[in-house]
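Hi,

Here is the structure I said I would pass on. Have a look at it first, and my notes on what turned up follow underneath.

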Amino acid sequence: MNSNTISKGILRALGIILGIFLLLFFLYKIQSVIVYIVIAAVISLIGRPVVIFLRDKLKFKNAIAVIVTMVLLISLLVGLVGLFIPLIVKQSHNLALLDIDSLKINIENIYQEATSYFNIKTENVKESIKESHFLSKIDYAMIPDFLNTMIAGFGSFSIGLFSVLFISFFFLKDSQLFESSIMAFIPDSKEERSKKSFLKIKDLLSRYFVGLIFQISILFIIYTIGLLIIGVENAIVIAFLCALLNLIPYVGPLIGGALMIILTMTSYLGQSFSEVLLPNTLYVLIVIGIGQLIDNFFSQPIIFSKSVKSHPLEIFLVIIIAGILFGIVGMIIAVPTYTAIKVILKEFLSDNKIVQQLTKGL
């Protein structure tokens, strides 16, 4: 091997590295557009069953079916915004969601009432907590910042919303648009298998995302009914936020439950701890327990078994590993990504024994 060959190899390697760097830099700069495309793809997958039903069962033309589906989705979005945003803005001070100092005082008052009610007389424990300034170290800004981010997001989301809806319309109208774009990079010899994989992935993910909507809706109904029976103020808003947090596997229900308890306790602050605040908090725990039991033993098994066709233990391990590697975002996208990978592996590596074992349900 002469020096000329070595130098060409080095230049080629440097060119590849530079190309990869420029590609990553380009993707970083257009990350908002990528997010729009991903959201639009999810919306198109959710709306796909509706389009198919209107087109195949009711004999609508494809364009009309897509327009009707988009109108339904936009109406649902407008209804949610019209229902929840005014309530959140109007009741934010009562819920102590935007006032950090008020929230801090409320939680400290609850702590004082609890220690007094349960007759905790261990002075050393109290002194240790006081000296450690435990309550003062709690990040009370987390909940207000979360809500402020949501409200600010809705305020500056107009361009993004238009972009997502525009892209979603064409994804639904021309279901092969996204597929055709990717096919341009796939060799002709693998094109047929790739098309089968795309069709299978779309079917599975459509069922999965529609199933998630049903899962959130069921939790929302359970939480709303439970909180309304108890008499919690702003039950609809609290129920919606906590049901929405359930989208984050395993961690989301814990955060949602803690948020529901905090908001319930602060809404009853100033009333009798033993007669009002404590019993209602226990009732809220019961509501959370009922919702999670139904979700864990009925909703989730049906979604995973019927949509992505994976064993619950398999899903658990995938979500945990994705969470360790990529955090909360990884946990959210773990199931759809894993499902897509399984379909591709089955199509292209069906002779492999491990692949056969993983994909035997597909």
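Lys-342 and Glu-314 pair up through their side chains in a salt bridge, with 3.3 Å from N to O. Both ends are tucked away: Lys-342 is buried at 3% relative accessibility, and Glu-314 is buried too, with a relative accessible area of 19%. The cut-off for buried is under 20%, so Glu-314 makes it into that class with its 19%. Before you read too much into any of this, please keep in mind that the model is predicted.

How many salt bridges are there by the rule used here? The count comes to three. As general background, side chains of opposite charge can pair when their charged atoms come close.

Another of these pairs is Asp-56 with Arg-55, where the N to O distance is 3.6 Å. Here the residues are partly exposed: Asp-56 has 40% relative accessibility, and Arg-55 has a relative accessible area of 31%.

Then there is Arg-48 with Asp-203, a salt bridge with 2.7 Å from N to O. This pair joins distant parts of the chain, since Arg-48 sits in helix 2 (residues 31-57) and Asp-203 in helix 10 (residues 191-230), 155 residues apart. Which of the two classes, buried or partly exposed, does Arg-48 fall into? Arg-48 is buried, because its relative accessibility is 17% and the limit is 20%. Asp-203, on the other hand, counts as partly exposed at 30%.

That brings me to how those helices meet. The axes of helix 2 and helix 10 are 8 Å apart, and the two pack at an angle of about 90 degrees, which means that helix 2 is roughly perpendicular to helix 10. On the helix 2 side the contact is made by Val-42, Leu-45, Ile-46, Arg-48 and Pro-49. Helix 10 brings in a longer list, including Leu-199, Lys-202, Asp-203, Leu-205, Ser-206 and Phe-209. Sorted by class, this contact has nine nonpolar, one polar and three charged residues. Both salt-bridge partners, Arg-48 and Asp-203, are part of the contact.

Staying with helix 10, that is also where you will find Gly-226. With a relative accessible area of 12%, Gly-226 is buried. Its C-alpha atom is separated by 9.2 Å from that of Ala-239, a residue 13 places away along the chain.

On the annotation side, the unreviewed UniProt entry marks several stretches as "transmembrane region", among them 208-230 and 236-264. What is the helix content over residues 208-230 in the model? The chain there is 100% helix and 0% strand, with the end C-alpha atoms 33 Å apart. Residues 236-264 come out at 83% helix and 0% strand, and the end C-alpha atoms of that stretch are 12 Å apart. The same annotation also covers 276-295.

One last residue to look at is Thr-281, in helix 13 (residues 273-308). Thr-281 is buried, at 10% relative accessibility. Which residues is Thr-281 in contact with, leaving aside its neighbours within four places in sequence? They are Ile-261 and Met-265.

Cheers

Terms used: Residues numbered from 1 in each chain as written. Predicted model: local features only at pLDDT ≥ 70, side-chain atom pairs only at ≥ 80, totals over all residues. Heavy atoms only, no water. UniProt positions renumbered as here; feature names shortened; annotations may be inferred. Helix = DSSP H or I, 4+ residues; strand = E, 2+ residues; numbered from the N terminus. Salt bridge = Lys/Arg side-chain N within 4 Å of Asp/Glu carboxyl O. Buried < 20%, exposed > 50% of the residue type's maximum accessible area, 1.4 Å probe, protein only. Contact = heavy atoms within 4.5 Å. Axes fitted to C-alpha atoms, helices over the stretch in contact; angles between N-to-C directions. Parallel < 35°, antiparallel > 145°, perpendicular 65-115°, else oblique. Nonpolar A, V, L, I, M, F, W, Y, C, P; charged D, E, K, R; others polar.
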